[in-house]
Structure formats: C-alpha cells, structure tokens
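Dear colleague,

I am passing on the structure below, together with some notes on what was found in it. Please read the notes with the structure open beside them.

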Amino acid sequence: MLAFSLLVLLSLSAIRAQDNVITKLQNSLAVLEHRVTTAESNFEKSQNEVVKAVQRLSVTEAKLQQAETKLVQADVKRVQLESTLQTLKERVSNLEGKQTHHVSFSVHQTGVLKSGATPLPITYNRVILNDGGGFNQYTKTSFVAPVSGVYEFSYHYRYGDGSAAHVRLFRNNEVLQDSTDFHNNPSDGMSGNSIIVSLKKDDHILTRLQPHNAIYCNYHGQFEFCSFNGHLLYET
C-alpha cells in the first residue's frame, strides 16, 4: 500500500512537471506568434511605404521630364532669338553702311523769266543749301543725283500780269509732273508741286518753263517766290 502511494505521488509529480513544461512551451509559442504577427505587420507597413515611395518617385520623374522638356524648348527659343537678333544687327549694319550720304538742297530764282517758242530751263541764281553737292552750280538748272535712292522734290513759283505759267518737272528727258496757271487769270498768285521719285546715280532733275510763259520771282526786290528744293530720303 505504501509503495502504491509513493508511485501515485511520483506520477503526480511527473504530471505536474510536464504541465509546467507544456505551459512554458505554450507561453514561448505565444511570444513567437506575437513576434511573427508584429513582424508581418511591420513588413506590410514597409511594403506600403515602398509603394508610396515608388509613387512619389514616379511623380518626381514626371516633373523632372517636364522640366527637361521646358528647358529644351527654352534653349530652342534662345537660339532662335539669338539668330533673330543677329539678323537684325546685320540689317542695321547694312542700313548704316548704305546711309552714308546726306543730300539736300534749296535754291531760289530772284528775277523774272520769260520763255520764247521753246521750253526754257529755269535757272536758280541763289543757293540756300547744297549739302552733298547735288545741285549743279555751273548750269544752275539741274540737280544731279550723287547716289541712287528715293528722293523728294518740290518747286514753287509766282505768276502774274495775266501771263500763263506752266512749269514741268523732268527726270532726264522724262516728264514727271506739271504745275500750271492759265493766262486768263488776271491776278498774281503762287503755284507749284511736289513728288517722291526713285533716282539712279547721275540722274538729272530739272524744271522747265513751257513756251510763251512767264514767272515773276521777285516783288519790288523784297521777296523771293520761286524755289526748287529736294533731299534724299534713303539710299537704294
């Protein structure tokens, strides 16, 4: 009987020891499961962070690509602007190179001129201005273009005493325009005209009083009414 009781006690002790071991194992397993769960949660969070980082990286790359495209476009525009600026500089330089001559003149007639049966070139005996030397001071009748270009000319005269006054402007032998007052006008008056015309170098511009006409360029020695003027607008 005593031996059986000892055996029972030993068996109970062994069972208690095994229960303690099982409890410890269960506790260890619970700890491990908690650690695994925590690790899995952390891993999932890490994956989410990686996804977000990849998305941010994609957005950044897209912005960078846009910036590079804008930079290329800006560089193209810069090259175009530099080319345009260079072209403008060359054009300005060419224009400055061409416009090296200053040509202008203003001359007067101070007397009375009457034509006979043929046209009479109008002489101008008083030179007010002859910048560039275009007005011929030897013949006193014509302007000779020192350079090719576009010029502006004007001429004015006084008529009176019931005489006809018909003046023509010529380029070489070509009639450019007329200015007239008929002889049936008994009063004194002024007439004239103006023109813009293209000339080649050495072209002549002159005025001619037509046959049987008269102009009165002075009034009692005090006023000068007949003038011939011109200037270069630009060279060609």
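How many helices and strands does the protein have? The protein has one helix and 14 strands, where helices (H or I, at least four residues) and strands (E, at least two) are DSSP runs numbered from the N terminus.

Please keep in mind that this is a predicted model, in which local features need pLDDT of at least 70 and side-chain atom pairs count only at pLDDT 80 or more, while totals for chains, interfaces and linings use all residues. Residues are numbered from 1 along each chain as its sequence is written, and side-chain values use heavy atoms, with hydrogens and water left out.

Of the 236 residues in the protein, 27% are buried, meaning under 20% relative accessible area with a 1.4 Å probe and protein chains only. The largest nonpolar core (buried Ala, Val, Leu, Ile, Met, Phe, Trp, Tyr and Cys residues joined through side-chain atoms within 4.5 Å) has 28 residues, and Phe143, Tyr151 and Phe153 are among those with the most contacts inside it. Strand 6 (149–159) is one of the strands that supply at least two residues of this core, and strand 6 gives the most, with five residues.

An open sheet of five strands follows the order 4-1-14-6-9 with antiparallel pairing, where two strands pair if DSSP finds at least two bridges between them. Strand 4 (126–131) and strand 9 stand at the edges with a single partner strand each, so one side of each is left without a neighbour in the sheet. Within this sheet, strand 1 and strand 14 run antiparallel and are joined by six bridges, and histidine 108 has serine 227 in strand 14 as its bridge partner.

With best wishes

Definitions and conventions
Buried means under 20% relative accessible area, exposed over 50%, partly exposed in between (1.4 Å probe, protein chains only).
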